[in-house]
Amino acid sequence: MTAADRWAAELAAWAIPDELLAAVDESPYGWPVELWRRRSEAAEAAPEPETTRIVRELAGPDGSILDIGAGTGRASLPLAAEGRPLVAVEKDPGMAAALRDEAAARGIPVEVVEGAWPDVADRAGPADVVMSANVVYDVAGIVPFLRAMHDHARRAVVVELTERHPWANLAPWYRALHGLDRPDGPTWEDLVAVIREAVGVDPAAERWSRPGGLWYESWDELVAVLGRRLVLPRQRRGQLRRLLEGEVEVDRGRLYLGDRERRMVTVWWRTAPE
Ligand SMILES: C[S@@+](CC[C@H](N)C(=O)[O-])C[C@H]1O[C@@H](n2cnc3c(N)ncnc32)[C@H](O)[C@@H]1O
């Protein structure tokens, strides 16, 4: 099995059984825009992420940036705020609208290309650095995704991801609530194997951690967000609350669940000699 096949197979193993999906009225996969906005605010207060430092160094003072799966712009707006031209690709119309609002509110110019990468790759020109943060675990077709990034990058490609699949921490609750086992992978090391195989380069990898940044303003919000991820019908949310009771930390009125540091990796490679 190739590394790319293994990546796709591990992601496919995360698929949620149809009978669970049939019992709920909202998709478990969506990200409430409000939570991303909150996370972006927390990120601004936190020490600068390694990814920002690496992209800044690779792009230089005025190199252009293409951000794939930009969300509300958390990873790339700070770099654009320093004067670098930014094109952001985002497939979710709600996220794209929130990104436009955020950039406008901060007076940062950004061109937003709405659509899924690499389908819309021909609507985005080449850039000095092509980056993507917290997206690859969403991408089963990882080879065309990475190759199109590589082909659009004049100087370098930078990929930020968590060490493990972002749903890995949900596994115990899936087991407790549905009796369902969840896979272990893929991990950042699997991504490196795919890059070696599909792009033919040996990327550098920088490991670091960031404050989780995700907090909830009430038990109702926490149970709604997590219940959605766990494909839990509304009438079972009381059960989830009981399950979480010992695991939630309350700090200055905010509810935190699980590890407050997130283990991150920034994987990058040059596409041209220095
Ligand atoms: C977890 S968020 C990360 C947002 C941002 N990069 C950050 O680090 O804060 C992932 C985003 O990638 C977008 N996305 C996922 N796959 C994509 C694709 N193939 N093309 C464009 N956007 C994609 C999703 O809509 C979502 O907004």
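Two strands are taken to pair if DSSP finds at least two bridges between them. Helices (H or I, at least four residues) and strands (E, at least two) are DSSP runs, numbered from the N terminus. The structure is a predicted model, in which local features need pLDDT of at least 70, side-chain atom pairs count only at pLDDT 80 or more, and totals for chains, interfaces and linings use all residues. Residues are numbered from 1 along each chain as its sequence is written.

Seven strands form an open sheet of mixed pairing, in the order E3-E2-E1-E4-E5-E9-E6. Strand E3 (111-114) and strand E6 (204-211) stand at the edges with a single partner strand each, so one side of each lacks a neighbour in the sheet. From one strand to the next, the twist averages 20 degrees (axes are lines fitted to C-alpha atoms, for helices over the stretch in contact, and angles run from 0 to 180 degrees between N-to-C directions).

Within the sheet, strands E4 (residues 127-133) and E5 (residues 153-162) pair in the parallel sense over six bridges, and Ala133 stands opposite Glu160 in E5. Helix H7 (residues 142-152) packs on the sheet, touching strand E1 (65-68), E4 and E5, where contact requires C-beta atoms, placed from the backbone, to lie within 7 Å. The direction of H7 makes about 145 degrees with that of E5. Helix H9 (residues 188-198) also packs on the sheet, touching E5, E6 and strand E9 (261-270); the direction of H9 makes about 10 degrees with that of E9.

Helix H4 (residues 50-59) is followed by Gly60, whose phi is positive, near 75 degrees.

How values were computed
Contact = placed C-beta atoms within 7 Å. Buried ≥ 20, exposed ≤ 12 C-beta atoms within 10 Å, placed from the backbone.
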